[in-house]
Amino acid sequence: MARISWKEKKENKEVLEEIGLKHTELLKTIKTRQLAYYGHIRRHQSLQKSIMEGKINGKRQRGRKRKSWLGNIEETTTRRINECCEVALNREEWRRTIASNLWQETEQR
């Protein structure tokens with residue numbers, strides 16, 4: 001976008017100011033795209049869907065539990081993942097969910 005090299009060692013704030021974006025706008029865009037992609041993956045039978053829904057055998061490592069991608073979807077939509085799975089199968093309903101989620105975030109700020 002702005003052709004800023006990582007060698008310039010600029011902070012994220014500086015880069016966002018040069019591009020003309022606010023931090024909140026960027027997060028909103030990321031969350032929107034993440035939810036849209038989740039709906040897309042959920043509606044199709046694909047390798048990505050199998051990977052997303054699959055469990056890995058074995059023990060987890062010590063320390064804090066890592067935040068999962070599905071956990072982020074739950075947090076963003078404020079719904080349980082089971083509800084999200086059902087709603088995402090209907091494209092129009094999922095789009096309304098994404099739009100209402102963005103509306104709520106805008107009102108909170």
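1. Two residues are in contact when heavy atoms of theirs lie within 4.5 Å. On that basis, among contacts in the chain between residues at least 6 apart in sequence, 56% join residues at least 24 apart. The model under discussion is a predicted one, and the points below should be read as a description of that prediction.

2. Overall architecture. The chain contains six helices and zero strands. Followed along the sequence, its pattern reads α-α-α-α-α-α. Of the 109 residues of the chain, 21% count as buried. The chain exposes about 9500 Å² of area, and 50% of this is supplied by carbon and sulfur atoms.

3. Surroundings of Trp69. This residue is placed in helix H4. Is Trp69 buried, exposed or partly exposed? Trp69 is partly exposed, because its relative accessible area is 33%, a value between the limits of 20% and 50%. When neighbours within four places in sequence are left aside, Trp69 is in contact with Gln34, Tyr37, Tyr38 and Met52. Gln34 illustrates the separation in sequence: Trp69 and Gln34 stand 35 residues apart along the chain, while their C-alpha atoms are 9.3 Å apart in space.

4. Aromatic pairs. A pair of aromatic rings is described by the distance of the centres and the angle of the planes. The count of such pairs in this model is three. One of them joins Tyr37 and Trp69 in an edge-to-face arrangement, with 6.3 Å from centre to centre and 85 degrees between the planes. Tyr37 belongs to helix H2 and Trp69 to helix H4, so this pair ties together parts that are 32 residues apart in sequence. Tyr37 counts as partly exposed, at 41% relative accessibility.

5. A further pair at Trp69. Tyr38 and Trp69 also form an aromatic pair, here a tilted one, with centres 6.1 Å apart and an angle of 50 degrees between the planes. This pair likewise links distant parts of the chain, with Tyr38 in helix H2 and Trp69 in helix H4, 31 residues apart. Tyr38 is buried, with a relative accessible area of 1%. Ring pairs link Tyr37, Tyr38, Trp69 and Trp94 into a cluster.

6. Cysteines. A disulfide is a covalent bond between the sulfur atoms of two cysteines. How many disulfides does the structure hold? The number is zero. Why is Cys84 not bonded to Cys85? The closest cysteine sulfur to that of Cys84 is the one in Cys85, at 7.0 Å, which is too far for a bond; a disulfide would need the two sulfur atoms to be within 2.5 Å. The relation holds from the other side as well: Cys85 is in no disulfide, and its nearest cysteine sulfur is that of Cys84, 7.0 Å away. As for exposure, Cys84 is buried at a relative accessible area of 0%, and Cys85 counts as buried at 18%.

7. Nonpolar surface patch. Ile19, Leu21, Leu26, Leu27 and Ile30 form a nonpolar patch on the surface, and their accessible area together is about 340 Å². Which helix gives the most to this patch? Helix H2, spanning residues 23-43, does so with three residues. Leu26 is found in helix H2. Leu26 counts as partly exposed, since its relative accessibility is 31%, and residues of a patch must be over 30%.

8. Backbone at Lys9. Most residues other than glycine have a negative phi, and most peptide bonds are trans. Against that background, Lys9 deserves attention: its phi is near 55 degrees, a positive value in a residue other than glycine. Lys9 lies in the segment before helix H1, which covers residues 12-19. The residue is exposed, at a relative accessible area of 72%.

9. Backbone at Thr78. Thr78 is not a glycine, yet its phi is positive, at about 55 degrees. Where does Thr78 lie? Its place is the loop between helix H4 (69-77) and helix H5 (81-88). Thr78 is exposed, with a relative accessible area of 64%.

Note on methods. Residues are numbered from 1 along each chain as its sequence is written. This is a predicted model: local features need pLDDT of at least 70, side-chain atom pairs count only at pLDDT 80 or more; totals for chains, interfaces and linings use all residues. Side-chain values use heavy atoms; hydrogens and water are left out. Helices (H or I, at least four residues) and strands (E, at least two) are DSSP runs, numbered from the N terminus. Buried means under 20% relative accessible area, exposed over 50%, partly exposed in between (1.4 Å probe, protein chains only). Patches are made of residues with over 30% relative accessible area and no salt bridge: like charges are joined within 9 Å, nonpolar side chains (Val, Leu, Ile, Met, Phe, Trp, Tyr) within 5 Å. Accessible areas come from the Shrake-Rupley method with a 1.4 Å probe; for residues, only the protein chains shown count as cover. A salt bridge is a side-chain nitrogen of Lys or Arg within 4 Å of a carboxyl oxygen of Asp or Glu. Rings of Phe, Tyr and Trp (its six-membered ring) pair if their centres lie within 6.5 Å; planes under 30 degrees apart count as stacked, over 60 as edge-to-face and the rest as tilted.
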